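Colleague: I've got a model open and I'd like to learn how to read it feature by feature. Could you walk me through it?

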Amino acid sequence: MEEKIVCTNRVATHEYFILEKIEAGMVLDGGEVKSLRAGNCNLKDSFCVLSDGEIFIKNMHIALYDKSGAFNVRDAKRDRKLLLHKDEIIRLQSKVNQKGLTVVPLRIYFKQALLKMELGLCQGKHTYDKKKSLMEKDIKRDMERTLKIR
């Protein structure tokens with residue numbers, strides 16, 4: 001199984017503790033899929049909303065495909081439905097309601113010919129947690145640099 005990563009949400013790892021990862025499908029148009037194949041996507045400010053037994057991703061930007069013509073004119077940041085099993089949606093809904101967690105998209109990738117999205121069940125970081133993780137990254141980078149020099 002070869003995966004081609006289209007887009008990643010690097011801000012999510014800085015802003016949240018990722019507790020659990022879930023794979024979901026997406027409902028898209030043909031022009032959006034072609035635009036994703038070209039890598040024209042941004043997950044930076046996107047988030048997921050659970051409502052009425054369905055899950056939607058909001059604020060995800062997929063650029064309009066330039067060769068799609070005048071008939072396929074859609075909003076680049078429209079709400080898109082995600083495809084999950086009913087029991088997975090119910091489990092996510094209960095965790096989000098009870099523990100104050102949120103569902104955030106982490107990355108979009110092609111799994112064989114299908115377009116998939118990796119969702120993360122996340123808990124928000126405080127500012128001191130963010131500073132601590134940045135310090136750990138700096139220390140790790142310095143260690144690798146000194147090992148590379150020697």
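Colleague: Let's start with burial: what percentage of the 150 residues in the protein chain do buried residues make up?

Modeller: Keep in mind that this is a predicted model. Buried residues come to 34% of the 150 in the protein chain. As for extent, the C-alpha trace spans about 60 × 40 × 30 Å along its principal axes.

Colleague: And how many helices and strands does the protein chain have?

Modeller: Four helices and nine strands. Reading from the N terminus, the order is β-α-β-α-β-β-β-β-β-α-β-β-α. It also helps to ask how far along the sequence the contacts reach. Of the contacts between residues at least 6 apart in sequence, 69% join residues at least 24 apart.

Colleague: How do I read a helix, then? Which residues of α2 are buried?

Modeller: Look down the axis and see where the buried positions point. In α2, which covers residues 30-37, the buried ones are Gly31, Glu32, Ser35 and Leu36. Seen that way, the buried residues of α2 fall within an arc of 140°, so they line one face of the helix. Check what follows the helix, too: just after α2, Gly39 has a positive phi of about 85°.

Colleague: Now the core. Which residues have the most contacts inside the largest nonpolar core?

Modeller: Met26, Ile55, Met60, Ile108, Met117 and Leu119, in a core of 27 residues. Next, ask which elements supply it. At least two residues each come from β1 (3-8), β2 (16-26), β4 (47-51), β5 (54-58), α3 (86-99), β8 (102-111) and β9 (114-124). The most comes from β9, with four residues.

Colleague: What does Met117 touch?

Modeller: Leaving out residues up to four places away in sequence, Met117 touches Ile22, Glu23, Ala24, Met26, Leu43, Ile57, Met60, Leu82, Pro105, Arg107, Ile108 and Tyr109.

Colleague: Let's try one in a strand. Is Val6 buried or exposed?

Modeller: Buried, with a relative accessible area of 15%. Val6 lies in strand β1. With the same sequence neighbours left out, it touches Leu36, Gly39, Ile108, Tyr109, Phe110 and Leu115. For a sense of scale, Val6 and Gln98 are 92 residues apart in sequence and 33 Å apart in space, C-alpha to C-alpha.

Colleague: On to cysteines. How many disulfides does a search of the whole structure find?

Modeller: Zero. The thing to look at is the sulfur-sulfur distance, with a cut-off of 2.5 Å. For Cys7, the nearest cysteine sulfur is that of Cys41, 3.9 Å away, and Cys7 is in no disulfide. Cys7 counts as buried because its relative accessibility is 9%.

Colleague: Why is there no bond between Cys48 and the closest cysteine sulfur?

Modeller: Because that sulfur, in Cys122, is 9.5 Å from the one in Cys48, too far for a bond. Cys48 is also buried, with a relative accessible area of 9%.

Colleague: Last topic, rings. How many aromatic pairs does the count come to?

Modeller: A pair of aromatic rings is described by the distance of the centres and the angle of the planes. Here the count comes to zero aromatic pairs.

Colleague: What about charges over rings: which ring does the charged end of Arg37 sit over?

Modeller: That of Phe110, at 4.3 Å from the ring centre. Then there's Arg107, which lies over the face of Tyr109, 4.3 Å from the centre of the ring.

Notes
Residues are numbered from 1 along each chain as its sequence is written. This is a predicted model: local features need pLDDT of at least 70, side-chain atom pairs count only at pLDDT 80 or more; totals for chains, interfaces and linings use all residues. Side-chain values use heavy atoms; hydrogens and water are left out. Buried means under 20% relative accessible area, exposed over 50%, partly exposed in between (1.4 Å probe, protein chains only). The arc is that of the directions from the helix axis to the C-beta atoms. A nonpolar core is a set of buried Ala, Val, Leu, Ile, Met, Phe, Trp, Tyr and Cys residues joined through side-chain atoms within 4.5 Å. Contact means heavy atoms within 4.5 Å. Rings of Phe, Tyr and Trp (its six-membered ring) pair if their centres lie within 6.5 Å; planes under 30 degrees apart count as stacked, over 60 as edge-to-face and the rest as tilted. A charge sits over a ring if NZ of Lys or CZ of Arg is within 6 Å of the ring centre and within 35 degrees of the ring normal.
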